[in-house]
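The following exercises ask for a reading of ring pairs, helix packing and one loop. Each task is followed by a solution in steps.

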Amino acid sequence: MSAETEKGVNFFLSRPANWIALAAAAAGLLLLFWPLPEGTASLPVRAGGLIIATVGLWATHAIPEHITSLGFMTLAVVLGIATPGVAFSGFAGGAVWLLFGGIIIGLAVSDSGLGQRIARSALRGLTRSYTRAVWGLMAACLLLAFLMPASIGRIVILMPIALALADHMGFAPGSRGRTGFALTIGCGSFLPTFAILPANLPNVVLFGAAETIYGVVPTYAEYLLWHLPVMGVLRAVVLVLIILAMFPDEARSPESEPEPARMSTQQRNLLIVLCLTLGFWVTDFIHHVSPAWVALLAAIVILIPAFGLAPPTALADKTNLRPFFFVAGVLGVGALVADSGLGTEIAAFLGRWVTFDPARPFLNYVSLIGVSMVFGAAATVPGAPTFLVPLAQDLSTASGMPLMVVLMTQIVGLSALLLPYQSPPLVVAIGLGGVRIWDAVRVILASTAATLVVLAPLNFLWWRLLGLIE
């Protein structure tokens, strides 16, 4: 072994996460190739082995997620665990194309400066009050979520603006005000936006898997109605109150704000495309065109060079397609869990430990949230739907709740985080904002406690009022 190779191996093994990845890979290989007792169904066990190794690599980031996804899909076919139609089924669903459209839209919004312009316009007049600025930053997070369906992209746009605002108001690095601004952007760009269907990767993954396995997906408008009032707006309010309570501060004599420059032709035309896209998303219950195909059509329009909405070489030079392959792999794992019978085995195991009673809907609702939180902590929030969605039909049968309600409740559980590592966007926000991990953990735990004690019961009542739960 060369000195350079040995140095690389030592560096790999020096990270605790990589040891976890190796353990997951070893456990997966053991299940794949260990001789089984006679009469034992081999397909669920072998599928479980491949999935354990895959999820372990995803959770620890030991190998780039898109490479892990491509490796999973290929090995599932080569080892005879799944047919190509199952392993690569993620590419056939609308979820990956909704994500692709979101990537292109996000690129155009960022490259044109439209995202920063929208954010700066939303925040004008807020620099004289820290409290008002936090409320304004949270509102900007929600507003941009309707126009830019990518949490990390929104954080990348909004965080520099928030930090510049902190400098403008006299909040030095490490101050409570600066930390409050950074956590408002990080949490506000991810947690309340679970209420907007294309605005978060876990939403896309979960309902992409549901479409692949069950052929069901809510309309954009239905999803917005069910989630936005409580898990969107009220959750944003709760987050602001938590941040203001934990990180109180006051502005230090800010300077006057500069007048914004006039909107360019590119920005104006792109805003028209975004408004039309949003309009078609909101009215999909009328025209019945999936949000995925609306997003893909918007991406095609943006990529046409003659319109000048994105650089001519945007797709070749500036587009990060790694999330596209990652989500395709996640959906393939979900399809394999269902197709191999592994989902039924997991559901039977859960049935022995989790209480469901068709006569007690609130107990079922709480149990489903708990199950989702456990999988979210074990497999991270983007990866958890690979297990949760294949279980949804069995959980629906056990609880007596409609399949769509079970899927929607899983979203509520996934959004109740315990630690930052569960959410890549939050990890990015912590790094960009220079936030101490403990400060982020405090806000996340307080938000989850408020979700479980206040918001989840209110959401249950809201769904009852809508007639989703009897």
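A residue is called buried under 20% relative accessible area, exposed over 50% and partly exposed in between (1.4 Å probe, protein chains only). The model is predicted: local features need pLDDT of at least 70 and side-chain atom pairs count only at pLDDT 80 or more, while totals for chains, interfaces and linings use all residues. Residues are numbered from 1 along each chain as its sequence is written, and side-chain values use heavy atoms, with hydrogens and water left out.

**Exercise 1.** Determine how the rings of tyrosine 220 and tryptophan 281 are arranged, and which helices they link.

Step 1. Rings of Phe, Tyr and Trp (its six-membered ring) pair if their centres lie within 6.5 Å; planes under 30 degrees apart count as stacked, over 60 as edge-to-face and the rest as tilted. A search of the whole structure finds 17 aromatic pairs.

Step 2. The ring centres of tyrosine 220 and tryptophan 281 are 5.6 Å apart and the planes lie at 20 degrees, so this pair is stacked.

Step 3. Helices (H or I, at least four residues) are DSSP runs, numbered from the N terminus. Tyrosine 220 belongs to helix α12 (residues 220-246) and tryptophan 281 to helix α13 (residues 265-282), so the pair ties together parts that are 61 residues apart in sequence. Both tyrosine 220 and tryptophan 281 are buried.

**Exercise 2.** Classify the pair of tyrosine 365 and phenylalanine 460 in the same way.

Step 1. Here the centres are 5.2 Å apart and the planes at 55 degrees, so the pair is tilted.

Step 2. Tyrosine 365 is in helix α19 (residues 361-379) and phenylalanine 460 in helix α23 (residues 437-466), so the pair ties together parts 95 residues apart in sequence. Tyrosine 365 and phenylalanine 460 are both buried.

**Exercise 3.** Describe the packing of α13 and α15.

Step 1. Axes are lines fitted to C-alpha atoms, for helices over the stretch in contact, and angles run from 0 to 180 degrees between N-to-C directions. α13 and helix α15 (residues 291-303) pack at about 165 degrees, with axes 9 Å apart.

Step 2. Angles under 35 degrees count as roughly parallel, over 145 as roughly antiparallel, 65 to 115 as roughly perpendicular and the rest as oblique. α13 and α15 are therefore roughly antiparallel.

Step 3. Contact means heavy atoms within 4.5 Å. On α13 the contact is made by Leu270, Val273, Thr277, Phe280 and Trp281; on α15, by Pro291, Val294, Ala295, Ala298, Val301 and Ile302.

Step 4. Ala, Val, Leu, Ile, Met, Phe, Trp, Tyr, Cys and Pro count as nonpolar, Asp, Glu, Lys and Arg as charged, and the others, Gly among them, as polar. The contact of α13 with α15 has 10 nonpolar, one polar and no charged residues.

**Exercise 4.** Repeat the analysis for α6 and α11.

Step 1. Helix α6 (residues 94-112) and helix α11 (residues 201-214) pack at about 150 degrees, with axes 8 Å apart. That makes α6 roughly antiparallel to α11.

Step 2. Gly94, Ala95, Leu98 and Leu99 of α6 meet Leu201, Val204, Gly208 and Glu211 of α11. By class, this contact of α6 with α11 has five nonpolar, two polar and one charged residues.

**Exercise 5.** Are histidine 288 and valine 289 buried, exposed or partly exposed?

Step 1. Histidine 288 lies in the loop between α14 and α15, as does valine 289.

Step 2. Histidine 288, at 64% relative accessibility, counts as exposed. Valine 289, at 35% relative accessible area, is partly exposed.

Step 3. Phi of histidine 288 is near 60 degrees, a positive value in a residue other than glycine. Valine 289 touches Asp284 and Val294, not counting residues up to four places away in sequence.

Notes:
Helix = DSSP H or I, 4+ residues; strand = E, 2+ residues; numbered from the N terminus.
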